[in-house]
Amino acid sequence: MCLSSATLDFFFFHLAHPPPPFPKPPRSPTHSPLPGIYSQAIKANGMVFVSGAVPMDAETGELIDGDIQAHTHQCIKNLSAILEAAGSSLEKVVKVNVFLSSMDDFAKMNEVYATYWGDVKPCRTCVAVKTLPRNTDVEIECTALL
C-alpha cells in the first residue's frame, strides 16, 4: 500500500506534536459510572464524548421500571446531566448512537427521542445488539460541542 504525501505529513506532524494530555474527565455528581472501568465523558478538542447511558436511576443505581419509552427518557436524562457537568448540553449534541436489544422497539424509542431535539437533529446511528448491560433494552451515547 502506498500512502500519499499529505497522509504521511499528517502522521509525522502528529508524532512530532502530540496532543496535550486529557484533562480530568468531567463527572456528573449524580450519575456515577462503575468505578475504575470507564469515564463518563472525555473532553477533547472542543468536544465532549459521552459514554453510553442506560436507564439507571442515579440515586439507587438500579434500572428504572417501565417500557422502552420510559427507558429512553431516562437514558437521555442521564446524558443531559453528564453533558451539563462537562459544560455542554443536549442542544450541542452532534452525534448519537442508540443501541437497542430489539429493533421491535425502534418506533417507540423514536417517539421519545424526537421530543428532545428541534428541527436540526444530531446525526444518529441506531443498531440492534444481542445484549446490553444489565439486560436493559436501550443504551445511548453521544458526542457534543462544548
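**Exercise 1. Decide whether Ala86 is buried or exposed, and place Ala86 relative to Phe49 and Ala41.**

Step 1. Ala86 has a relative accessible area of 2%. Buried means under 20% relative accessible area, exposed over 50%, and partly exposed in between, with a 1.4 Å probe and protein chains only. Ala86 is therefore buried.

Step 2. The model is predicted: local features need pLDDT of at least 70, side-chain atom pairs count only at pLDDT 80 or more, and totals for chains, interfaces and linings use all residues. Residues are numbered from 1 along each chain as its sequence is written, and side-chain values use heavy atoms, with hydrogens and water left out.

Step 3. Ala86 belongs to helix α2. Helices (H or I, at least four residues) and strands (E, at least two) are DSSP runs, numbered from the N terminus.

Step 4. Phe49 is 37 residues from Ala86 along the chain, and their C-alpha atoms are separated by 9.6 Å. For Ala41 and Ala86, 45 residues apart along the chain, the C-alpha separation is 7.6 Å.

Step 5. Ala41 is part of strand β1 (residues 41-44). Its relative accessible area is 0%, so Ala41 is buried.

**Exercise 2. Carry out the same reading for Ser80, another residue of helix α2.**

Step 1. Ser80 has a relative accessible area of 17%, which means that Ser80 is buried.

Step 2. Glu91 is eleven residues from Ser80 in sequence, and the C-alpha to C-alpha distance is 9.5 Å.

**Exercise 3. List the elements of the protein in order and give its overall totals.**

Step 1. The protein has three helices and five strands. Their order from the N terminus is α-β-β-α-β-α-β-β.

Step 2. Of the 146 residues, 36% are buried.

Step 3. Among contacts (heavy atoms within 4.5 Å) with a separation of 6 or more, 70% are between residues 24 or more positions apart.

Step 4. The exposed area is about 9,000 Å², of which carbon and sulfur atoms supply 60%. Accessible areas come from the Shrake-Rupley method with a 1.4 Å probe.

**Exercise 4. Work out which strands pair with β5 and β3, and in which sense.**

Step 1. Two strands pair if DSSP finds at least two bridges between them.

Step 2. Strand β2 (residues 47-53) pairs with β5 in the antiparallel sense over five bridges. Here Ala53 is opposite Ile140 of β5.

Step 3. Strand β3 (residues 93-100) also runs antiparallel to β5, with seven bridges. Within β5, Glu141 stands opposite Asn97, and Ala144 is the bridge partner of Val93.

Step 4. β3 and strand β4 (residues 123-128) are parallel and joined by six bridges. Phe99 has Val127 in β4 as its bridge partner.

Step 5. Why is β5 largely enclosed by the rest of the structure? Six of the eight residues of β5 (residues 138-145) are buried, and therefore the strand is largely enclosed.

**Exercise 5. Describe the largest nonpolar core and the surroundings of Val93.**

Step 1. A nonpolar core is a set of buried Ala, Val, Leu, Ile, Met, Phe, Trp, Tyr and Cys residues joined through side-chain atoms within 4.5 Å.

Step 2. The largest such core holds 24 residues, and Val50, Leu83, Val93, Val96, Val98 and Ile140 have the most contacts inside it. Two or more residues come from each of β2, α2 (68-86), β3, α3 (106-113) and β5. With seven residues, α2 gives the most to this core.

Step 3. Leaving aside residues up to four places away in sequence, Val93 touches Leu83, Trp117, Pro122, Cys142, Thr143 and Ala144.

**Exercise 6. Classify the ring pair of Tyr113 and Trp117 and identify what lies over Tyr113.**

Step 1. A pair of aromatic rings is described by the distance of the centres and the angle of the planes.

Step 2. Rings of Phe, Tyr and Trp (its six-membered ring) pair if their centres lie within 6.5 Å; planes under 30 degrees apart count as stacked, over 60 as edge-to-face and the rest as tilted.

Step 3. The structure holds two aromatic pairs. One of them joins Tyr113 and Trp117 at 4.7 Å centre to centre, with 40° between the planes, and is tilted.

Step 4. Ring pairs link Tyr113, Tyr116 and Trp117 into a cluster. Tyr113 is buried at 5% relative accessibility, and Trp117 is buried with a relative accessible area of 10%.

Step 5. Arg124 lies over the face of Tyr113, 4.5 Å from the ring centre. The criterion is NZ of Lys or CZ of Arg within 6 Å of the ring centre and within 35 degrees of the ring normal.
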